[in-house]
Amino acid sequence: MTIDELKQFAVEIGEKPFRGKQLFIWLSRGARSFDEMTDLPKSLREKLAGCARIGGCRAIKVQEDPEDGTRKFLFEAETGGAADNADKRADTFEGVFMKYSYGNSLCVSSQVGCRMGCRFCASALGGLVRNLEAGEMLGQVLEAERVTGEKINHIVIMGMGEPFDNYDNVAKFLRLLHDEDGRNMSWRGMTVSTCGIVPKIEQFADDFPQVNLAISLHRLTDEGRSAIMPVNRKYPLDELLEAARAYTEKTHRRITFEYALIEGENDTDADVDLMKKKLGGMLCHVNLIPLNKVDETGFEGSSRNRAREIAETLDAAGIPATVRRQLGSSIDGACGQLRRTI
Ligand code: SAH
(Lines give C-alpha, C1' and ligand atoms only; values in the text may rest on other atoms or scores of the structure.)
Protein backbone atom coordinates (compact mmCIF):
# COMPACT_ATOMS: atom_id res chain seq x y z
CA MET A 1 0.00 0.00 0.00
CA THR A 2 1.03 3.57 -0.61
CA ILE A 3 1.22 6.01 2.27
CA ASP A 4 -2.21 7.41 1.31
CA GLU A 5 -3.75 3.95 1.19
CA LEU A 6 -2.32 3.20 4.62
CA LYS A 7 -3.66 6.46 6.03
CA GLN A 8 -7.07 5.57 4.71
CA PHE A 9 -6.76 2.09 6.15
CA ALA A 10 -5.87 3.58 9.54
CA VAL A 11 -9.04 5.66 9.44
CA GLU A 12 -11.11 2.62 8.43
CA ILE A 13 -9.99 0.78 11.54
CA GLY A 14 -10.79 3.78 13.71
CA GLU A 15 -7.31 5.30 14.03
CA LYS A 16 -5.78 8.66 13.19
CA PRO A 17 -4.28 9.01 9.68
CA PHE A 18 -0.74 9.53 11.02
CA ARG A 19 -0.74 5.88 12.10
CA GLY A 20 -0.75 5.08 8.39
CA LYS A 21 2.45 6.99 7.95
CA GLN A 22 4.05 5.15 10.84
CA LEU A 23 3.04 1.85 9.28
CA PHE A 24 4.47 2.93 5.92
CA ILE A 25 7.82 3.75 7.51
CA TRP A 26 8.00 0.40 9.28
CA LEU A 27 6.96 -1.56 6.22
CA SER A 28 9.50 0.24 4.04
CA ARG A 29 12.20 -0.80 6.47
CA GLY A 30 11.18 -4.42 6.16
CA ALA A 31 9.22 -4.99 9.37
CA ARG A 32 7.89 -8.53 9.43
CA SER A 33 5.46 -8.29 12.32
CA PHE A 34 3.36 -5.62 14.00
CA ASP A 35 5.14 -6.42 17.26
CA GLU A 36 8.33 -4.84 15.94
CA MET A 37 6.54 -1.51 15.53
CA THR A 38 7.49 -0.24 18.95
CA ASP A 39 6.20 3.30 18.50
CA LEU A 40 2.65 2.00 18.09
CA PRO A 41 0.63 1.41 21.27
CA LYS A 42 0.39 -2.24 22.23
CA SER A 43 -3.38 -2.18 21.81
CA LEU A 44 -3.00 -1.00 18.20
CA ARG A 45 -0.39 -3.64 17.43
CA GLU A 46 -2.82 -6.27 18.69
CA LYS A 47 -5.65 -4.80 16.67
CA LEU A 48 -3.48 -4.87 13.53
CA ALA A 49 -2.42 -8.46 14.13
CA GLY A 50 -6.11 -9.35 14.24
CA CYS A 51 -7.18 -7.60 11.04
CA ALA A 52 -4.15 -7.22 8.78
CA ARG A 53 -1.30 -9.22 7.35
CA ILE A 54 2.18 -8.18 6.21
CA GLY A 55 2.74 -9.58 2.73
CA GLY A 56 5.73 -9.54 0.42
CA CYS A 57 7.85 -12.57 -0.23
CA ARG A 58 10.31 -14.96 1.38
CA ALA A 59 13.53 -16.39 0.00
CA ILE A 60 13.18 -20.16 -0.06
CA LYS A 61 16.52 -20.78 -1.72
CA VAL A 62 19.68 -18.67 -2.08
CA GLN A 63 22.59 -19.55 -4.34
CA GLU A 64 25.86 -17.62 -4.38
CA ASP A 65 28.30 -17.36 -7.25
CA PRO A 66 31.69 -17.83 -5.52
CA GLU A 67 33.47 -15.82 -8.21
CA ASP A 68 31.65 -12.51 -7.99
CA GLY A 69 29.37 -12.65 -4.94
CA THR A 70 26.23 -12.55 -7.07
CA ARG A 71 23.32 -14.18 -5.26
CA LYS A 72 20.25 -15.67 -6.85
CA PHE A 73 17.10 -15.90 -4.78
CA LEU A 74 14.13 -18.14 -5.28
CA PHE A 75 11.24 -16.23 -3.74
CA GLU A 76 7.87 -17.44 -2.67
CA ALA A 77 5.00 -14.98 -2.50
CA GLU A 78 3.26 -14.31 0.77
CA THR A 79 0.32 -12.41 -0.66
CA GLY A 80 -2.41 -12.60 -3.25
CA GLY A 81 -1.90 -15.39 -5.70
CA ALA A 82 -0.13 -17.69 -3.28
CA ALA A 83 -3.18 -17.91 -1.09
CA ASP A 84 -5.51 -18.92 -3.93
CA ASN A 85 -3.01 -21.05 -5.69
CA ALA A 86 -3.35 -24.75 -5.01
CA ASP A 87 0.11 -25.47 -6.37
CA LYS A 88 2.44 -23.22 -4.42
CA ARG A 89 5.38 -24.25 -6.57
CA ALA A 90 3.79 -22.37 -9.45
CA ASP A 91 4.03 -19.22 -7.38
CA THR A 92 7.78 -18.79 -7.17
CA PHE A 93 10.02 -16.34 -8.95
CA GLU A 94 13.67 -15.37 -8.95
CA GLY A 95 15.70 -12.27 -8.23
CA VAL A 96 19.42 -11.57 -8.45
CA PHE A 97 21.60 -9.49 -6.10
CA MET A 98 24.68 -7.98 -7.74
CA LYS A 99 27.60 -5.93 -6.50
CA TYR A 100 28.93 -3.08 -8.60
CA SER A 101 31.50 -0.40 -7.99
CA TYR A 102 28.65 2.11 -7.58
CA GLY A 103 26.68 0.01 -5.08
CA ASN A 104 24.39 -2.97 -4.81
CA SER A 105 21.69 -3.72 -7.29
CA LEU A 106 18.77 -6.12 -7.34
CA CYS A 107 17.35 -7.58 -10.52
CA VAL A 108 13.63 -7.79 -9.72
CA SER A 109 10.95 -10.02 -11.27
CA SER A 110 7.69 -8.36 -12.33
CA GLN A 111 5.64 -11.47 -13.14
CA VAL A 112 5.54 -15.16 -12.33
CA GLY A 113 6.47 -16.51 -15.74
CA CYS A 114 6.06 -14.42 -18.88
CA ARG A 115 3.82 -14.48 -21.93
CA MET A 116 6.08 -12.67 -24.39
CA GLY A 117 7.51 -15.93 -25.72
CA CYS A 118 11.06 -14.79 -26.64
CA ARG A 119 12.61 -17.95 -28.06
CA PHE A 120 15.96 -17.64 -26.27
CA CYS A 121 14.73 -16.85 -22.76
CA ALA A 122 14.14 -19.29 -19.90
CA SER A 123 11.48 -17.07 -18.29
CA ALA A 124 9.18 -17.59 -21.28
CA LEU A 125 9.11 -21.39 -20.92
CA GLY A 126 5.73 -22.33 -19.51
CA GLY A 127 4.08 -18.96 -20.14
CA LEU A 128 2.57 -16.51 -17.69
CA VAL A 129 1.20 -17.59 -14.31
CA ARG A 130 0.29 -14.20 -12.88
CA ASN A 131 1.33 -10.60 -12.34
CA LEU A 132 3.27 -9.72 -9.22
CA GLU A 133 1.81 -7.07 -6.95
CA ALA A 134 3.77 -3.92 -6.08
CA GLY A 135 4.28 -5.27 -2.55
CA GLU A 136 5.72 -8.48 -3.90
CA MET A 137 8.25 -6.53 -5.94
CA LEU A 138 9.15 -4.35 -2.95
CA GLY A 139 9.26 -7.57 -0.91
CA GLN A 140 12.07 -8.87 -3.14
CA VAL A 141 14.18 -5.83 -2.26
CA LEU A 142 13.44 -6.08 1.47
CA GLU A 143 13.99 -9.82 1.62
CA ALA A 144 17.27 -9.62 -0.34
CA GLU A 145 18.50 -6.93 2.08
CA ARG A 146 17.46 -9.05 5.07
CA VAL A 147 19.27 -12.14 3.79
CA THR A 148 22.45 -10.39 2.59
CA GLY A 149 22.62 -7.79 5.35
CA GLU A 150 23.48 -5.25 2.64
CA LYS A 151 21.73 -2.13 1.45
CA ILE A 152 20.28 -2.13 -2.05
CA ASN A 153 20.36 1.26 -3.75
CA HIS A 154 19.65 0.32 -7.35
CA ILE A 155 17.04 -1.89 -8.92
CA VAL A 156 16.64 -3.17 -12.45
CA ILE A 157 13.34 -4.70 -13.48
CA MET A 158 15.03 -7.30 -15.61
CA GLY A 159 14.04 -10.46 -13.81
CA MET A 160 11.22 -12.74 -14.87
CA GLY A 161 8.31 -11.16 -16.68
CA GLU A 162 7.58 -8.19 -18.92
CA PRO A 163 7.18 -5.09 -16.72
CA PHE A 164 5.07 -3.26 -19.31
CA ASP A 165 2.65 -6.20 -19.36
CA ASN A 166 2.07 -5.38 -15.65
CA TYR A 167 2.37 -1.62 -15.90
CA ASP A 168 0.21 -0.44 -13.00
CA ASN A 169 1.83 -2.67 -10.40
CA VAL A 170 5.30 -1.78 -11.67
CA ALA A 171 4.46 1.94 -11.56
CA LYS A 172 3.23 1.59 -8.00
CA PHE A 173 6.39 -0.29 -7.03
CA LEU A 174 8.61 2.48 -8.44
CA ARG A 175 6.64 5.10 -6.50
CA LEU A 176 6.90 3.06 -3.30
CA LEU A 177 10.67 2.88 -3.72
CA HIS A 178 10.92 6.59 -4.37
CA ASP A 179 8.71 7.82 -1.50
CA GLU A 180 10.81 9.97 0.79
CA ASP A 181 9.10 8.54 3.86
CA GLY A 182 10.00 5.08 2.64
CA ARG A 183 13.16 4.03 0.88
CA ASN A 184 13.77 7.37 -0.81
CA MET A 185 15.46 5.68 -3.78
CA SER A 186 16.37 8.09 -6.54
CA TRP A 187 14.55 7.68 -9.85
CA ARG A 188 17.92 7.40 -11.50
CA GLY A 189 18.75 4.37 -9.44
CA MET A 190 15.93 2.49 -11.18
CA THR A 191 15.88 0.85 -14.60
CA VAL A 192 12.96 -0.77 -16.38
CA SER A 193 13.54 -3.07 -19.32
CA THR A 194 10.93 -3.90 -21.95
CA CYS A 195 10.82 -6.23 -24.93
CA GLY A 196 9.09 -3.41 -26.80
CA ILE A 197 5.46 -2.71 -25.89
CA VAL A 198 5.20 0.57 -27.75
CA PRO A 199 2.16 2.29 -26.12
CA LYS A 200 3.62 1.67 -22.69
CA ILE A 201 6.95 3.18 -23.71
CA GLU A 202 5.01 6.33 -24.56
CA GLN A 203 3.19 6.28 -21.23
CA PHE A 204 6.41 5.61 -19.33
CA ALA A 205 8.06 8.69 -20.86
CA ASP A 206 5.20 10.76 -19.43
CA ASP A 207 4.97 9.04 -16.05
CA PHE A 208 8.62 8.40 -15.23
CA PRO A 209 10.87 10.70 -17.25
CA GLN A 210 13.76 10.21 -14.82
CA VAL A 211 13.74 6.42 -14.58
CA ASN A 212 16.15 4.64 -16.94
CA LEU A 213 14.63 2.73 -19.81
CA ALA A 214 16.17 -0.26 -21.54
CA ILE A 215 14.76 -1.91 -24.65
CA SER A 216 15.54 -5.49 -25.63
CA LEU A 217 16.31 -5.19 -29.31
CA HIS A 218 18.36 -8.22 -30.34
CA ARG A 219 17.70 -7.93 -34.09
CA LEU A 220 17.22 -5.15 -36.59
CA THR A 221 15.10 -6.70 -39.31
CA ASP A 222 11.39 -7.29 -38.81
CA GLU A 223 11.61 -10.79 -40.20
CA GLY A 224 14.55 -11.77 -38.00
CA ARG A 225 13.20 -10.09 -34.89
CA SER A 226 9.70 -11.54 -35.25
CA ALA A 227 11.23 -15.01 -35.54
CA ILE A 228 12.84 -14.79 -32.10
CA MET A 229 10.56 -12.20 -30.42
CA PRO A 230 6.84 -12.63 -31.17
CA VAL A 231 6.11 -9.17 -29.70
CA ASN A 232 7.65 -7.73 -32.86
CA ARG A 233 4.64 -8.90 -34.87
CA LYS A 234 2.43 -6.55 -32.88
CA TYR A 235 4.92 -3.70 -32.55
CA PRO A 236 7.34 -3.80 -35.49
CA LEU A 237 10.81 -2.31 -35.45
CA ASP A 238 10.09 1.03 -37.08
CA GLU A 239 7.36 1.77 -34.53
CA LEU A 240 9.61 0.64 -31.71
CA LEU A 241 12.54 2.79 -32.81
CA GLU A 242 10.20 5.72 -33.34
CA ALA A 243 8.88 5.32 -29.79
CA ALA A 244 12.47 5.14 -28.54
CA ARG A 245 13.31 8.33 -30.39
CA ALA A 246 10.23 10.08 -29.00
CA TYR A 247 11.22 8.90 -25.52
CA THR A 248 14.67 10.47 -25.78
CA GLU A 249 13.23 13.68 -27.16
CA LYS A 250 10.75 13.97 -24.35
CA THR A 251 13.04 12.97 -21.49
CA HIS A 252 16.47 13.95 -22.85
CA ARG A 253 17.66 10.68 -21.43
CA ARG A 254 19.86 8.15 -23.12
CA ILE A 255 18.08 4.91 -23.85
CA THR A 256 19.80 1.55 -23.48
CA PHE A 257 19.40 -1.07 -26.19
CA GLU A 258 20.08 -4.60 -25.04
CA TYR A 259 21.45 -6.85 -27.71
CA ALA A 260 22.08 -10.51 -26.88
CA LEU A 261 24.56 -11.90 -29.37
CA ILE A 262 23.56 -15.23 -30.86
CA GLU A 263 26.22 -16.91 -32.91
CA GLY A 264 25.44 -16.79 -36.60
CA GLU A 265 21.95 -15.32 -35.95
CA ASN A 266 22.50 -11.66 -35.23
CA ASP A 267 26.26 -11.14 -34.87
CA THR A 268 27.43 -11.00 -38.49
CA ASP A 269 29.05 -7.99 -40.13
CA ALA A 270 25.77 -7.34 -41.93
CA ASP A 271 23.99 -7.20 -38.57
CA VAL A 272 26.56 -4.73 -37.27
CA ASP A 273 26.09 -2.57 -40.37
CA LEU A 274 22.34 -2.55 -39.71
CA MET A 275 22.94 -1.46 -36.12
CA LYS A 276 25.07 1.43 -37.36
CA LYS A 277 22.45 2.42 -39.89
CA LYS A 278 19.39 2.18 -37.64
CA LEU A 279 20.84 3.40 -34.34
CA GLY A 280 23.30 6.00 -35.60
CA GLY A 281 22.47 9.48 -34.33
CA MET A 282 20.15 8.29 -31.58
CA LEU A 283 20.67 9.24 -27.93
CA CYS A 284 21.42 5.66 -26.99
CA HIS A 285 23.85 3.15 -25.63
CA VAL A 286 24.13 -0.43 -26.83
CA ASN A 287 24.63 -3.11 -24.22
CA LEU A 288 25.98 -6.23 -25.87
CA ILE A 289 25.78 -9.56 -24.13
CA PRO A 290 26.79 -12.93 -25.52
CA LEU A 291 23.65 -15.02 -25.17
CA ASN A 292 23.62 -17.11 -22.03
CA LYS A 293 22.95 -20.79 -22.27
CA VAL A 294 19.37 -21.97 -21.86
CA ASP A 295 19.36 -25.69 -22.65
CA GLU A 296 15.84 -25.88 -24.06
CA THR A 297 16.38 -23.16 -26.66
CA GLY A 298 19.17 -24.54 -28.81
CA PHE A 299 20.79 -21.12 -29.35
CA GLU A 300 24.50 -20.51 -28.82
CA GLY A 301 26.04 -17.28 -27.64
CA SER A 302 28.79 -15.49 -29.57
CA SER A 303 32.27 -15.38 -28.07
CA ARG A 304 33.25 -12.51 -25.78
CA ASN A 305 35.92 -11.63 -28.34
CA ARG A 306 33.32 -11.18 -31.04
CA ALA A 307 31.25 -9.10 -28.61
CA ARG A 308 34.21 -6.82 -27.89
CA GLU A 309 34.94 -6.52 -31.60
CA ILE A 310 31.36 -5.42 -32.28
CA ALA A 311 31.47 -2.96 -29.38
CA GLU A 312 34.61 -1.37 -30.83
CA THR A 313 33.07 -1.13 -34.29
CA LEU A 314 29.95 0.56 -32.92
CA ASP A 315 31.99 2.90 -30.73
CA ALA A 316 34.09 3.91 -33.71
CA ALA A 317 30.86 4.71 -35.57
CA GLY A 318 29.78 7.01 -32.75
CA ILE A 319 27.37 4.60 -31.08
CA PRO A 320 28.45 4.04 -27.47
CA ALA A 321 28.56 0.31 -26.82
CA THR A 322 29.72 -1.89 -23.98
CA VAL A 323 29.86 -5.61 -23.33
CA ARG A 324 27.84 -6.46 -20.25
CA ARG A 325 29.72 -8.08 -17.40
CA GLN A 326 28.53 -11.61 -17.04
CA LEU A 327 27.42 -12.09 -13.47
CA GLY A 328 25.91 -15.16 -11.92
CA SER A 329 26.11 -17.60 -14.82
CA SER A 330 27.50 -20.39 -12.63
CA ILE A 331 24.23 -20.29 -10.67
CA ASP A 332 22.00 -19.87 -13.75
CA GLY A 333 21.35 -16.34 -12.56
CA ALA A 334 22.50 -14.50 -15.66
CA CYS A 335 20.25 -12.65 -18.13
CA GLY A 336 17.62 -14.89 -19.62
CA GLN A 337 18.29 -17.76 -17.22
CA LEU A 338 15.66 -16.99 -14.59
CA ARG A 339 12.77 -19.40 -14.40
CA ARG A 340 10.16 -20.82 -12.04
CA THR A 341 11.90 -23.66 -10.31
CA ILE A 342 11.91 -25.07 -6.87
N1 SAH B 1 10.82 -8.64 -20.38
C2 SAH B 1 11.78 -7.57 -20.23
C3 SAH B 1 12.58 -7.68 -18.96
C4 SAH B 1 13.54 -8.86 -18.95
S5 SAH B 1 15.14 -8.23 -19.00
C6 SAH B 1 12.64 -7.47 -21.45
O7 SAH B 1 12.52 -8.31 -22.33
O8 SAH B 1 13.40 -6.52 -21.59
C9 SAH B 1 16.06 -9.63 -19.39
C10 SAH B 1 17.00 -9.36 -20.54
O11 SAH B 1 17.73 -10.56 -20.85
C12 SAH B 1 16.25 -8.98 -21.80
O13 SAH B 1 17.01 -8.07 -22.52
C14 SAH B 1 16.21 -10.32 -22.52
O15 SAH B 1 15.96 -10.18 -23.88
C16 SAH B 1 17.57 -10.84 -22.21
N17 SAH B 1 17.72 -12.27 -22.40
C18 SAH B 1 16.76 -13.21 -22.48
N19 SAH B 1 17.29 -14.43 -22.66
C20 SAH B 1 18.63 -14.24 -22.69
C21 SAH B 1 19.73 -15.12 -22.81
N22 SAH B 1 19.56 -16.43 -22.95
N23 SAH B 1 20.97 -14.59 -22.78
C24 SAH B 1 21.15 -13.26 -22.63
N25 SAH B 1 20.16 -12.39 -22.49
C26 SAH B 1 18.90 -12.88 -22.53
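Contact here means heavy atoms within 4.5 Å. The model is predicted, so local features need pLDDT of at least 70 and side-chain atom pairs count only at pLDDT 80 or more, whereas totals for chains, interfaces and linings use all residues. Residues are numbered from 1 along each chain as its sequence is written, and side-chain values use heavy atoms, with hydrogens and water left out.

**Two buried residues**

Leu142 touches Leu27, Ser28, Arg29, Gly30 and Arg183, residues up to four places away in sequence not being counted. Its C-alpha lies 8.5 Å from that of Gly56, although the two are 86 residues apart in sequence. On the same basis as for Leu142, the contacts of Asn292 are Gln326, Ala334, Cys335 and Gln337, not counting residues up to four places away in sequence. The table gives the setting of each residue; helices (H or I, at least four residues) and strands (E, at least two) are DSSP runs, numbered from the N terminus. Buried means under 20% relative accessible area, exposed over 50%, and partly exposed in between (1.4 Å probe, protein chains only).

| Residue | Location | Relative accessibility |
|---|---|---|
| Leu142 | helix α5 (residues 134-148) | 16%, buried |
| Asn292 | loop between β11 and α12 (304-316) | 6%, buried |

**Nonpolar core**

A nonpolar core is a set of buried Ala, Val, Leu, Ile, Met, Phe, Trp, Tyr and Cys residues joined through side-chain atoms within 4.5 Å. The largest one has 102 residues, and those with the most contacts inside it are Ile155, Phe173, Leu174, Phe204, Phe257, Leu279 and Leu314. Helix α6 (residues 167-178) supplies the largest share of this core, seven residues. At least three residues come from each of domain 1 (1-54) and domain 2 (56-331), bounds that derive from an automatic or database domain assignment. Beyond residues up to four places away in sequence, Phe173 touches Val108, Ala134, Met137, Leu138, Val141, Ile155 and Ile157.

**Internal cavity**

A cavity is a set of points, on a 1 Å grid over the protein atoms alone, where a 1.4 Å probe fits but cannot get out; lining residues have an atom within 4 Å of a point. Grid points are joined across faces, edges and corners, and a volume is the space filled by probe spheres set on the points. By this rule there is one cavity of 30 Å³ or more, and the largest cavity holds about 530 Å³ of space. Its lining comprises 32 residues, of which Phe120, Cys121, Ser216, His218 and Gly336 lie nearest the centre. Strands β8 (190-194), β10 (255-261) and β11 (284-290) are the elements that give two or more residues to this lining.

Technical notes:
On a 1 Å grid over the protein atoms alone, a cavity is a set of points where a 1.4 Å probe fits but cannot get out, and a pocket is an open set with protein on both sides within 12 Å along at least five of seven lines; lining residues have an atom within 4 Å of a point.
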